[in-house]
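Open the structure in your viewer and keep the selection box handy. We will go from the whole chain to single residues, one stop at a time.

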Amino acid sequence: MIITKLMGGLGNQMFQFAVAKALASKHGVEAKVDLSFLQKDTGGVYTQRAFELSCFTKEIKTATQEDLAGYTKRAQGGLPFTLQSVLPFFFKGVYAKENGNRFQRQILKLPKEAYLDGFWQSELYFKDQEKTIREYFTFSDAIRNTHKEMADQMRSKLSVSLHVRRGDYVSNALANKFHGLCSPNYYQNAVKHLMALGNIEVYIFSDDLDWCMQHSKFEVPMHYVNTNDAYADMYLMSQCKHHVIANSSFSWWGAWLNADPEKVVIAPKIWFNDPSIDTSDVIPTTWQKM
């Protein structure tokens with residue numbers, strides 16, 4: 001069994017489950033999620049989150065206390081998982097904690113009993129299981145049926161999803177310092193670049209549409225998407241032909257879920273404010289940084 005610790009919102013949880021499911025599929029075992037971190041009181045230090053993966057058609061199972069037994073102490077001990085791997089007879093399974101933001105190839109070699117603790121923000125962890133991951137991340141019939149008309153409209157045009165992430169990136173001082181915000185110039189340049197594709201229409205998604213209406217003006221038809229539902233927003237993003245994403249795992253997945261090999265995805269060069277954080281594996285090589 002592969003267990004993954006869930007942290008953050010929908011986009012982060014999708015990364016965390018994707019690496020676990022890819023590894024579990026390789027071994028032919030179950031993938032489960034540990035919800036204990038989501039259930040902790042944040043004390044206002046970071047944004048409180050809940051389990052977000054129920055928006056998809058396939059059931060995602062939760063790890064029991066029995067499943068987690070043996071991993072809890074090692075979560076605090078910091079024993080390198082490479083050492084655990086060479087001494088498997090001492091452990092029920094390997095506890096693997098992420099080290100930095102670069103892709104860690106050794107994760108793909110973990111045994112069939114493992115616990116994953118990290119964000120794992122790279123498709124390199126699950127690229128070879130892409131078909132399986134896409135099947136798991138198929139939105140529910142309720143979401144697809146409710147927004148069928150708009151999705152059909154997006155598919156019929158040269159549509160571009162444009163995501164402006166604000167929310168806690170603005171309101172939470174720590175989040176603002178760590179993540180930062182994409183500038184209006186970034187979005188202007190991205191749209192100008194995509195105008196070379198033809199008569200594009202831009203569909204704007206944001207947790208602050210009022211701000212976007214004041215600060216996001218483009219020389220192409222614009223549509224402000226207001227579903228009041230984060231799940232629906234991501235689904236509709238994925239139905240657009242091309243994408244301009246924010247420094248956000250949410251819009252990263254909105255773009256990735258579009259399976260069209262001809263799509264153009266523009267992503268910000270700066271993913272985190274701290275330049276010492278190496279994020280070179282976050283953006284797929286076929287996407288464009290700007």
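This tour moves from the overall fold to the sheets, then to the cores and the aromatic rings.

**Stop 1: the whole chain**

Begin with everything shown as a cartoon, and keep in mind that this is a predicted model. You should find 13 helices and eleven strands in the protein chain. Colour by burial next: of the 290 residues, 52% are buried. Switch on the surface, and about 14,000 Å² is exposed, with carbon and sulfur atoms supplying 51% of it. If you draw contacts between residues at least 6 apart in sequence, 65% of them join residues at least 24 apart.

**Stop 2: the five-stranded sheet**

Which order do the strands of the five-stranded open sheet follow? Reading across, it is β3-β2-β1-β5-β4, and the pairing is parallel. At the edges stand β3 (61-62) and β4 (94-97); each has a single partner strand, so one side of each is left without a neighbour in the sheet.

Now select strand β1 (residues 2-5) together with strand β2 (residues 31-34): they pair in the parallel sense over four bridges. Click on Ile-2 and look towards β2, where its bridge partner is Ala-31. Turn to β5, and Ile-2 stands opposite Ala-114. The parallel strands β1 and β5 are joined by three bridges.

Stay on β5 and bring in β4, which runs parallel to it and is joined to it by four bridges. Lys-97 has Asp-117 in β5 as its bridge partner. Before leaving, show the side chains of β5. In a regular strand the side chains alternate between the two faces of the sheet. Here Ala-114 and Leu-116 lie on one side, Tyr-115 and Asp-117 on the other, and all of these are buried, leaving both faces of β5 covered.

**Stop 3: the six-stranded sheet**

The next open sheet has six strands, in the order β8-β7-β6-β9-β10-β11, with parallel pairing. Its edges are β8 (222-224) and β11 (288-289), each with a single partner strand, so one side of each is left without a neighbour in the sheet. Zoom in on β11 and strand β10 (residues 265-267): these run parallel and are joined by two bridges. Pick Ile-266 to find its bridge partner in β11, Gln-288.

While you are here, select Ser-248 in the loop between β9 (242-244) and α13. Is this residue, Ser-248, buried or exposed? Its relative accessibility is 0%, so Ser-248 counts as buried. Add Leu-181 to the selection: Ser-248 and Leu-181 are 67 residues apart in sequence and 9.7 Å apart in space, C-alpha to C-alpha.

**Stop 4: the nonpolar cores**

Hide the cartoon for a moment and show side chains. The largest nonpolar core has 61 residues, and Phe-126, Phe-137, Trp-252 and Trp-253 touch the most other members. Helix α1 (residues 10-27) provides the largest share of this core, ten residues. Another core lies apart from it, with 21 residues, including Val-160, Leu-162, Val-244 and Ala-246.

Centre on Phe-126 and display what surrounds it. Leaving out residues up to four places away in sequence, Phe-126 touches Phe-15, Ala-18, Val-19, Ala-22, Ile-133, Trp-252, Trp-253 and Trp-256.

**Stop 5: the aromatic rings**

Searching the whole structure turns up 19 aromatic pairs. Start with Phe-126 and Trp-253, a stacked pair at 5.5 Å centre to centre with 20 degrees between the planes. Phe-126 lies in the loop between β5 (114-117) and α5 (130-136), and Trp-253 in helix α13 (residues 249-256), so this pair ties together parts that are 127 residues apart in sequence. Phe-126 and Trp-253 are both buried.

For another geometry, go to Tyr-186 and Tyr-187, which are edge-to-face: 5.0 Å centre to centre and 65 degrees between the planes. Tyr-186 counts as buried at 8% relative accessibility, and Tyr-187 counts as buried at 3%.

Next, select the cluster linked by ring pairs, whose members include Phe-15, Phe-126, Tyr-136, Trp-253 and Trp-256. Finish with two charges over rings. The charged end of Arg-134 sits over the ring of Trp-256, 3.9 Å from its centre. Over the ring of Tyr-136 you will find the charged end of Lys-58, 5.4 Å from the ring centre.

Definitions and conventions. Residues numbered from 1 in each chain as written. Predicted model: local features only at pLDDT ≥ 70, side-chain atom pairs only at ≥ 80, totals over all residues. Heavy atoms only, no water. Phe/Tyr/Trp six-rings, centres within 6.5 Å; stacked < 30°, edge-to-face > 60°. Buried < 20%, exposed > 50% of the residue type's maximum accessible area, 1.4 Å probe, protein only. Lys NZ or Arg CZ within 6 Å of the ring centre and 35° of its normal. Core = buried A, V, L, I, M, F, W, Y, C linked by side-chain atoms within 4.5 Å. Contact = heavy atoms within 4.5 Å. Areas by Shrake-Rupley, 256 points an atom, 1.4 Å probe, with all protein chains shown as cover. Pairing = 2+ DSSP bridges.
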